[in-house]
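Reader: Hi! I'm new to reading protein structures, could you walk me through this one?
Author: Happy to! Let's get it on screen and start with a pair of strands.

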Amino acid sequence: MKIICIGRNYVNHAKELNNSVPSEPVFFIKPDTALLPKRNPFIYPSFTKDLHHEVEIVLKISKIGKHIEAKFAHKYYQEIGIGIDFTARDVQEQCKAKGLPWEKAKAFDFSAPTSDFVPISKFEDINQLNFSLKINDELRQVGNTSDMLFSFDKIIAYVSQFVTLKIGDYIFTGTPAGVSAISINDKLSCYIEDKKMLEFNVK
Ligand code: MG
């Protein structure tokens, strides 16, 4: 499986990093080695001194597809979850300054801890979904999917023009404002509405 990540999909986050607001989705890919095995702590990597959390709603692809039209995109995912797109911000800034790809900063091992998935039918409207991140029980990021620049269906239509989506692929759909550095011994907890979906410690 592969993990497709959308960047700059919430205006307030693009602005906090002084990025322009994109006219089409920005995406990059993490390998399956970016998943964090269940109940494992996250080990702070040695190559960064500025590791940021980005909490994001995650779609799980349920059907193979290429060139999917937005109006049919909802047929390609039945479940959603939540995850963290860990980003070595210092490394990413160096890559961006040189015009180089971001993989070193984004695609490293265990950089995409993800919750279990929940059927979409459990939610009233996934296009108006509250989600959040707490660090050591303090609220740090809050988002609502209605603030996405590109909806879930538009993301699927756009990405599938370039990349075939396969069953079991994940799509991280972008982070709202509030990203910041984490530290060793932090406890990260991710919520969809009021339900805690994912929790792990940083070691
Ligand atoms: Mg992200």
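Reader: Which residue in β12 is the bridge partner of Leu188?
Author: That's Phe200. Keep in mind as we go that this is a predicted model.

Reader: Okay! And how do β11 and β12 pair?
Author: In the antiparallel sense, over six bridges. Strand β11 covers residues 187-192 and strand β12 covers residues 195-201. In general, strands of a sheet pair through backbone hydrogen bonds, and they can be parallel or antiparallel.

Reader: What happens at the turn in that hairpin?
Author: Two residues sit between the strands, and Glu193 takes a positive phi near 50°.

Reader: What about the hairpin of β8 and β9?
Author: Two residues lie between those strands, and there Asn136 takes a positive phi near 50°. Strands β8 (residues 130-135) and β9 (residues 138-144) run antiparallel and are joined by six bridges. If you'd like a pair to look for, find Leu133, which stands opposite Gln141 in β9.

Reader: Found it! Now, what is the strand order in the open sheet?
Author: The open sheet has six strands in the order β2-β1-β10-β4-β5-β7, and the pairing is mixed. At the edges are β2 (26-30) and β7 (118-119), each of which pairs on one side only.

Reader: How do β4 and β10 pair?
Author: Strand β4 (residues 55-61) and strand β10 (residues 170-172) are antiparallel, with three bridges between them. One of the matches to look for is Leu59, whose bridge partner in β10 is Ile171.

Reader: Which strands does helix α4 lie across?
Author: Helix α4 (residues 152-159) lies across β1, β2, β4, β5 and β10. Against β4, the helix runs at about 60°.

Reader: Let's zoom in on one residue. Where is Val26?
Author: Val26 is in strand β2, one of the edge strands we just met.

Reader: Why is Val26 called partly exposed?
Author: Because its relative accessible area is 23%, and partly exposed runs from 20% to 50%.

Reader: What does Val26 touch?
Author: Leaving out residues up to four places away in sequence, Val26 touches Cys5, Ile6, Gly7 and Trp102. Take Cys5: Val26 and Cys5 are 21 residues apart in sequence and 8.3 Å apart in space, going from C-alpha to C-alpha.

Reader: Nice. Changing topic: how many cavities of 30 Å³ or more are there?
Author: One. The volume of the largest cavity is about 130 Å³. As background, rolling a probe the size of a water molecule over the atoms shows where empty space is left.

Reader: Which residues lie nearest the centre of the largest cavity?
Author: Gly7, Arg8, His13, Glu54 and Lys106, out of the 18 residues that line the largest cavity. You may recognise Gly7, which Val26 touches.

Reader: What sort of residues make up that lining, by class?
Author: Four are nonpolar, seven polar and seven charged. The largest share, three residues, comes from α2, and β1 (3-7) and α2 (89-97) each supply at least two.

Reader: Last one: what volume does the largest pocket have?
Author: About 420 Å³. Of its 21 lining residues, Lys38, Thr114, Ser115, Asp116 and Leu198 are the closest to its centre.

Reader: Which element gives the largest share of that pocket's lining?
Author: We're back where we began: β12 gives the largest share of the lining of the largest pocket, six residues. By class, the lining of the largest pocket has 11 nonpolar, three polar and seven charged residues.

Key
Residues numbered from 1 in each chain as written. Predicted model: local features only at pLDDT ≥ 70, side-chain atom pairs only at ≥ 80, totals over all residues. Heavy atoms only, no water. Pairing = 2+ DSSP bridges. Helix = DSSP H or I, 4+ residues; strand = E, 2+ residues; numbered from the N terminus. 1 Å grid on protein atoms, 1.4 Å probe; cavity = no way out; pocket = protein on both sides within 12 Å on 5 of 7 lines; lining within 4 Å. Points joined across faces, edges and corners; volume = space filled by probe spheres on them. Nonpolar A, V, L, I, M, F, W, Y, C, P; charged D, E, K, R; others polar. Contact = heavy atoms within 4.5 Å. Axes fitted to C-alpha atoms, helices over the stretch in contact; angles between N-to-C directions. Buried < 20%, exposed > 50% of the residue type's maximum accessible area, 1.4 Å probe, protein only.
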